[in-house]
Structures are given as structure tokens and as C-alpha cells.
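Reader: I want to know what stands behind the labels on this structure. Please show it and explain them.

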Amino acid sequence: MNTTATNSASQTAIRVQGITKSFKDLHVLRGVDFEVKAGSIFALLGSNGAGKTTLVRILSTLLKADAGTATVYGFDVATNAGDVRESISLTGQFAAVDEVLSGRENLVLIAKLRHLKNPGAIADELLARFSLTEAGSRKAATYSGGMRRRLDIAMSLIGNPPIIFLDEPTTGLDPQARIEVWQTIKKLAKDGTTVLLTTQYLDEAEQLADRIAILHKGTIIQNGTLSELKQLLPAAKVEYIEKQPSLEDVFLALVGDTGEIDSADGRTERAVSAGKESR
Ligand SMILES: Nc1ncnc2c1ncn2[C@@H]1O[C@H](COP(=O)(O)OP(=O)(O)OP(=O)(O)O)[C@@H](O)[C@H]1O
Ligand SMILES: [Mg+2]
């Protein structure tokens, strides 16, 4: 790998300028610009079909942009694809785990494919790091969704890439598994890896990201830290509203132990007060 480019990437790990991409008449990306600081977590937020995967595929050299430039770890994705590939890993939207193999065998396989020495030791180290040591010898088919996702991320870390792309890392996971994957991602960034993740979940971006960019109708419509984005809305204000009583309020008022008397409008005092709350 060219170390000159590595130095220039010490500040900016990913730089995207004016990227466009259309599929026939469908203009998915219409000029996307953003930068990702080295060692940070950057979340690309967008609804279904916004073009998140398309952008990740361009940045990981799987797809060519129509126009614009992008550099990853200082290397141009169009003209230096080989160096880009050596600097990144991609965990796709759909898990790449081989279910017939055990967790450990999956890791050993990738280490061998990458021509690394001591694939067994690499596999054991990653199993330990992702709390999969005990499950390591079991077939991946028996893993829970969260374990499979963690194994998937572990596989993508073989060879210690400085930049990792995670395309919707927690879609389809239950809340507990999502938290496990979040912790994994936070740990990666803490150890210096640059993470670009895509998500449709606002809370995921909120939990993880140093910066959040919103991809909408082909461009980045907002890009900032969580607090910067929150400042775009007027400050929260406290207001009092009077809700219509719910059936539960009515029920409690009718059978309740206070024996309050119906007021003139047919509602009980208790129902009215139960329906008042602050927001
Ligand atoms: N190879 C392709 N050929 C034609 N259309 C494509 C191709 N790849 C993506 N698209 C279209 O481009 C649009 C963006 O797709 P993309 O997969 O990038 O969205 P996404 O933001 O990742 O969505 P999701 O949240 O559902 O994963 C969609 O309308 C999709 O159908
Ligand atoms: Mg996608």
C-alpha cells in the first residue's frame, strides 16, 4: 500500500465530491458531497431507496459513479480501486456468513483467502473480541441474528482495514442484539477504525454517530453532529394539553374507588384530571 496516501488520509478518511449515479432514468444520486474524519463514526441516514447502498457500493469500488470523485484513505475509487480495496472492508446489507461452517471456520476461511499467516490464531482472537469464543465451534446456522451479525463484522475486520463500511448493520435485529452490535461498532471506532454506516433508524444514528448526514432525493440535505441537527428545530417548549379521556380513564372513573360525582358535561372530575398532562 502507498504510504504517502496514508498520511494524507490522517485527517480525512473519506471524501465524496459531486457523486452522481443513475440507473437508466432513475437518478439515484444527484451530486453527493461529504467528508468523514479519520477515526470517527459517520452515519448516512435515508429512507428505503434513498441510495445508501448505491453510495456504499461506489465507495467500495463495486460500482462506478457517473460523475464526481471520491477518495477513500487517500485513494481515488475510480483510478486506484485496488488500494481502496486494501484499505476497507464492507459488511453488506445481507450477512455474508456461511451457515454450514462454524463461526471459527468462517473466520479461518477469510484469513486464508486474504493469505494471512496463522489464520487459526486470527480467528481465535476475533472470536474472543466479539464474545463468540464459546459459540466458535458451532455451525453459524445455529447462531442468533445478533451473533451472526457480530461474526459478519468480525469477518470483515480480518486484515485490520482502517476503514469499514457497514450497510444497515442492525436491520432485522431485536433490541438486545442491536445493542450488542452498537457496542461492537463503538469499540471499533474507539480503537481508531473509521466507520461509515448506513441506517434507516434515527435512534441508531443518534446512539452511534459523531456526524450524521441525511441522504434525500439524491443529495445530502443535512450534515452535522447530533446537537447541530437538533438545533435546526425550535427549542422544545412545555405546553399543557387537555386530552379526551381514554376508555381506561372512563372505566377508572366509573368503577374507581374515589366515588367522584359526574360533572355537568357528563365526564367525571377524575376522568378530566387524568387526561391532563404535560408534554
Ligand atoms: N443495479 C441497479 N439497477 C437498477 N436500479 C437500481 C440498482 N441498484 C439500485 N437501484 C435503485 O436505486 C434506488 C436506490 O437503491 P439503494 O439500494 O441504493 O437504496 P437504499 O437507500 O440502500 O435503500 P434500502 O434502505 O432499502 O436498503 C432504488 O430505487 C433501487 O431500486
Ligand atoms: Mg440499502
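Author: Here is how the terms apply to this protein. This is a predicted model, in which local features need pLDDT of at least 70, side-chain atom pairs count only at pLDDT 80 or more, and totals for chains, interfaces and linings use all residues. Residues are numbered from 1 along each chain as its sequence is written, while chains are lettered from A and ligands numbered from 1 in the order in which they are written.

Reader: How many helices and strands are there, and what makes a run count as one?

Author: The protein has 11 helices and 12 strands. Both are DSSP runs, numbered from the N terminus: a helix is H or I with at least four residues, a strand is E with at least two. Strand E5 covers 75-76, so it meets the minimum of at least two.

Reader: Why is strand E7 called mostly covered?

Author: A residue is buried if 20 or more other C-beta atoms, placed from the backbone, lie within 10 Å of its own; 12 or fewer makes it exposed, and in between it is partly exposed. In E7 (residues 163-167), five of five residues are buried. Ile163, Phe165 and Asp167 point one way, Ile164 and Leu166 the other. In a regular strand the side chains alternate between the two faces of the sheet. Across the protein, 37% of the 279 residues count as buried.

Reader: How do you know which strands pair with E7?

Author: Two strands pair if DSSP finds at least two bridges between them. Strand E6 (residues 88-91) shares four bridges with E7, in the parallel sense. Strand E8 (residues 194-199) shares five with E7, also parallel. Both counts reach at least two, so both are pairs. In E8, valine 195 is the bridge partner of isoleucine 164.

Reader: What makes the crossover from E7 to E8 right-handed?

Author: The chain leaves E7, passes through helix H7 (residues 175-190) and reaches E8. With the strands pointing away from the viewer, the path from the first strand over the helix to the second must run clockwise. This β-α-β crossover is right-handed, so its path runs clockwise in that view.

Reader: What makes E2 an edge strand?

Author: E2 pairs on one side only, and E5 does likewise. The open sheet runs E2-E1-E4-E5, with antiparallel pairing. Within it, five bridges join strand E1 (residues 12-23) to strand E4 (residues 67-72). Arginine 15 stands opposite threonine 71 in E4.

Reader: Why is a group of residues called a nonpolar core?

Author: The members are buried Ala, Val, Leu, Ile, Met, Phe, Trp, Tyr and Cys residues joined through C-beta atoms within 7 Å. The largest such core has 42 residues, of which Ala43, Leu59 and Val72 touch the most other members. Strand E3 (residues 41-45) gives the most, five residues. A second, separate core of 21 residues includes Ile122, Leu126, Leu151 and Leu157.

Reader: Which residues are closest to ligand 1, and what makes a residue near?

Author: Near means that the C-beta atom, placed from the backbone, lies within 6 Å of the molecule or strand. The shell holds 13 residues, with Phe23, Asn48, Lys52, Thr53 and Thr54 the closest. Strand E2 (26-37) and helix H2 (52-59) each give two or more residues. H2 gives the largest share, three.
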